[in-house]
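Work through the exercises below with the sequence and the model open. Each task is followed by a solution in steps.

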Amino acid sequence: MEFVTVLADKQVKVGEDFTLCCETNTGDFTVTWQKNIQKLYCVEGKHRTGKDGKTVFLQIKKAEMEDEGNYTVTIQNRWGSASCSAMVLVELDEWRIVQWKQDPMINALKSFRICSGDIRELRFLLYGPVGSGKSSIINTIHTIFEGHPHINCPTADLTCMSFTRGFKKYNIRNLPFAFYNLMGLEQGQSYRMHPDDIMSVLKGHIPNNYTFHPHAPIDKDNRHYILNPTLNDRIHCLVSVIPADKISLMSDEVIQKMKTIRAAASKLGIPHVVFMTRVDQVCIMTHRDLTKIYRSRRIKEQMTTCSNRLDVPMNCIFPVRNYQEEVKLNEQLNCLMLEAFTQIVRLADDFVKKSYCFVFNLF
Ligand SMILES: Nc1nc2c(ncn2[C@@H]2O[C@H](COP(=O)(O)OP(=O)(O)OP(=O)(O)O)[C@@H](O)[C@H]2O)c(=O)[nH]1
Ligand SMILES: [Mg+2]
C-alpha cells in the first residue's frame, strides 16, 4: 500500500478551520494520527478524523497556537503500512507593526542630526556571547547604507572562541553613528577581557584600537587611558546581542555576566536594548517570509525566553536577521534592521540630550 498524494504543509491564521488530507491506493486500512511524534488525542468539537474511500483526513477547527506542529498519518493493513507528515504553522495576530518600506527610514537616518551640536557621533556598544552576530550586525547596517554587500567587520564560524579582538570602532559611512564591538562573552573563569574594562569602555576611558589584557584592566597609569572623557568618548547606548537559536542553551554564567554589564550601564543612565539575531534559524515561517516575523509563535516564545532570562521588557527586544552570504539585497531584512537601528539612534540621542543638559545644568 502507498500514498497517491501526501499531506501538504499548511500555514493557517489563528481562528481558521483547516484540513489535512492525503490519498491512498487502497480503501482497506486503519488510520492513526500523531502530532509531534505522540498519538493525537482528538478533542470533541476540535478535531475530526475520518476516511472517505481512499482519502484520509484530519479537520481542525479554530486554529490556536497549540495546533502548530508536525502531523503524521500512518495507514496500516495486513499487507503493510505507510506514513507521511506535514508541518502546520499557525500565524498569530500581528503583535508589532513594521514599516516594510526602507526608503523613508534610510532617508530619515541619512538626514539625522544629533540633538547636541557638540557631539560628533552616537556611539553604540555591542556585546553578547561568542558568535551571536555582533560583527554581522555592523556588516548588515553597512550593507544597507552602502546599497551593496559590505564586509568590513570579520565574522566567525560558530566556534567557542570569539573572533572579534580588541576594541575597534566602525563608523557607518559618513553618518554620525559608530559601533564598538566587544569580543564575545565566554563561559569559564578566564576572562579574555577584565570586567572592570567594560566599565571603563562605558565611561569612555578606553581609546579606539586598544587591546585588552584579561588580567590587567586599564587604569589611570596606563598611557592609553583617557583621563577626562567627554560625552564624545562615552557609549551612548548598549546593545546586547543574543542569538535566537541559542537563548535557552546559554549558560547561567554568561547570562549573569550580561546582567552585570547591563546593570553597570544602567547605573550610568545608558539606555539598553537587545537585538535578537538568527531569527531565520528558529522559525521556518520567518525563514520563508520575514514579514511574518511578528505573527510567529516561535519568535514570540524566543523573545519571551530572552525577556525572562535577561530580565528585560519585551518592548526592548528587537528580532533581526543579518546578511550572511547573500549577494542580493533584501528590503524586508533591511526594514527589520532599520526599525531596530532607528530605535537605538533615538535612545542614544535622548541619552546625549539628557547628559548634555545635566553637564550644563540646563534642567
Ligand atoms: N542564519 C543566520 N546566521 C547569522 C545571523 N547573524 C549572524 N550569523 C552567522 O553567525 C556566525 C557568527 O556571527 P558573527 O557576526 O561573527 O558573531 P560575533 O558575535 O561577532 O562573534 P565573535 O566576534 O566571535 O564573538 C556567522 O557565521 C554569521 O554568518 C543571522 O541573522 N542568521
Ligand atoms: Mg565578531
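## Exercise 1: Aromatic rings

One aromatic cluster is made up of Phe112, Phe124, Phe145, Phe177, Phe179 and Phe341. The model is a predicted one.

Task: classify the ring pair Phe112 and Phe177, and say which parts of the chain the pair links.

Solution.
1. The count of aromatic pairs in the model is 11.
2. For Phe112 and Phe177, the ring centres are 5.7 Å apart and the planes stand at 35°.
3. Ring centres must lie within 6.5 Å for a pair, and planes under 30 degrees apart would be stacked, over 60 edge-to-face. The pair is therefore tilted.
4. Phe112 sits in the loop between α1 and β10 (122–127), and Phe177 in strand β12 (residues 177–181). The two are 65 residues apart, so the pair links distant parts of the chain.
5. Phe112 is buried at 17% relative accessibility, and Phe177 is buried at 0%.

Task: do the same for Phe124 and Phe179.

Solution.
1. The ring centres of Phe124 and Phe179 are 5.1 Å apart with the planes at 35°, so this pair is tilted.
2. Phe124 belongs to strand β10 and Phe179 to strand β12, so the pair ties together parts 55 residues apart in sequence.
3. Phe124 has a relative accessible area of 0% and is buried; Phe179 is likewise buried, at 0%.

## Exercise 2: Nonpolar cores

Task: find which residues have the most contacts inside the largest nonpolar core, and which helix gives the most to it.

Solution.
1. The largest nonpolar core has 86 residues. The residues with the most contacts inside it are Phe124, Phe177, Phe179, Phe275 and Phe341.
2. Helix α7 (residues 331–359) gives the most to this core, namely 12 residues.
3. Another core, of 21 residues, lies apart from it, and includes Val12, Phe18, Trp33 and Val73.
4. Leaving out residues up to four places away in sequence, Phe179 touches Phe124, Leu126, Ile138, Ile141, Lys168, Lys169, Tyr170, Ile172, Phe341 and Ile344.

## Exercise 3: Cysteines

Task: explain why Cys22 and Cys84 do not form a disulfide.

Solution.
1. A disulfide is a covalent bond between the sulfur atoms of two cysteines.
2. The cut-off for the pair of sulfur atoms is 2.5 Å.
3. The cysteine sulfur closest to that of Cys22 is in Cys84, 4.2 Å away, which is too far for a bond. Seen from Cys84, the closest cysteine sulfur is that of Cys22.
4. The disulfide count comes to 0.
5. Both cysteines are shielded in the sense of accessibility: Cys22 is buried at 2%, and Cys84 is buried at 8%.

## Exercise 4: Two helices

Task: where around the axis of α1 do its buried residues lie?

Solution.
1. In helix α1 (residues 102–110), the buried residues include Gln102, Met105, Ile106 and Leu109.
2. They cover an arc of only 100° around the axis, and therefore lie on the same side of α1.
3. An α-helix has 3.6 residues a turn, so residues three or four places apart point the same way.

Task: describe the setting of α3 and of Ser200 within it.

Solution.
1. Ser200 is part of helix α3 (residues 195–203). In α3, Asp197, Ile198, Ser200, Val201 and Leu202 are buried.
2. These buried residues pack against β10, β13 and α4 (252–267).
3. Ser200 has a relative accessible area of 9%. Not counting residues up to four places away in sequence, Ser200 touches His205, Ile206 and Ile218.
4. Gly204 follows α3 and has a positive phi, near 95°.
5. In the loop between α3 and β13 (237–243) lies Phe212, which is buried at 6% relative accessibility. The C-alpha atoms of Phe212 and Gly166 are separated by 5.9 Å, with their positions 46 residues apart along the chain.

## Exercise 5: The open sheet

Task: what is the strand order of the open sheet, and which are its edge strands?

Solution.
1. The sheet has 5 strands in the order β2-β9-β8-β4-β5, and its pairing is mixed.
2. β2 (10–13) and β5 (38–39) are the edge strands, as each pairs on one side only.
3. β2 pairs with strand β9 (residues 80–91) in the parallel sense, over 4 bridges.
4. Lys13 stands opposite Glu91 in β9.

Methods
Residues are numbered from 1 along each chain as its sequence is written. Chains are lettered from A and ligands numbered from 1 in the order in which they are written. This is a predicted model: local features need pLDDT of at least 70, side-chain atom pairs count only at pLDDT 80 or more; totals for chains, interfaces and linings use all residues. Side-chain values use heavy atoms; hydrogens and water are left out. Two strands pair if DSSP finds at least two bridges between them. A nonpolar core is a set of buried Ala, Val, Leu, Ile, Met, Phe, Trp, Tyr and Cys residues joined through side-chain atoms within 4.5 Å. Buried means under 20% relative accessible area, exposed over 50%, partly exposed in between (1.4 Å probe, protein chains only). Contact means heavy atoms within 4.5 Å. The arc is that of the directions from the helix axis to the C-beta atoms. Rings of Phe, Tyr and Trp (its six-membered ring) pair if their centres lie within 6.5 Å; planes under 30 degrees apart count as stacked, over 60 as edge-to-face and the rest as tilted.
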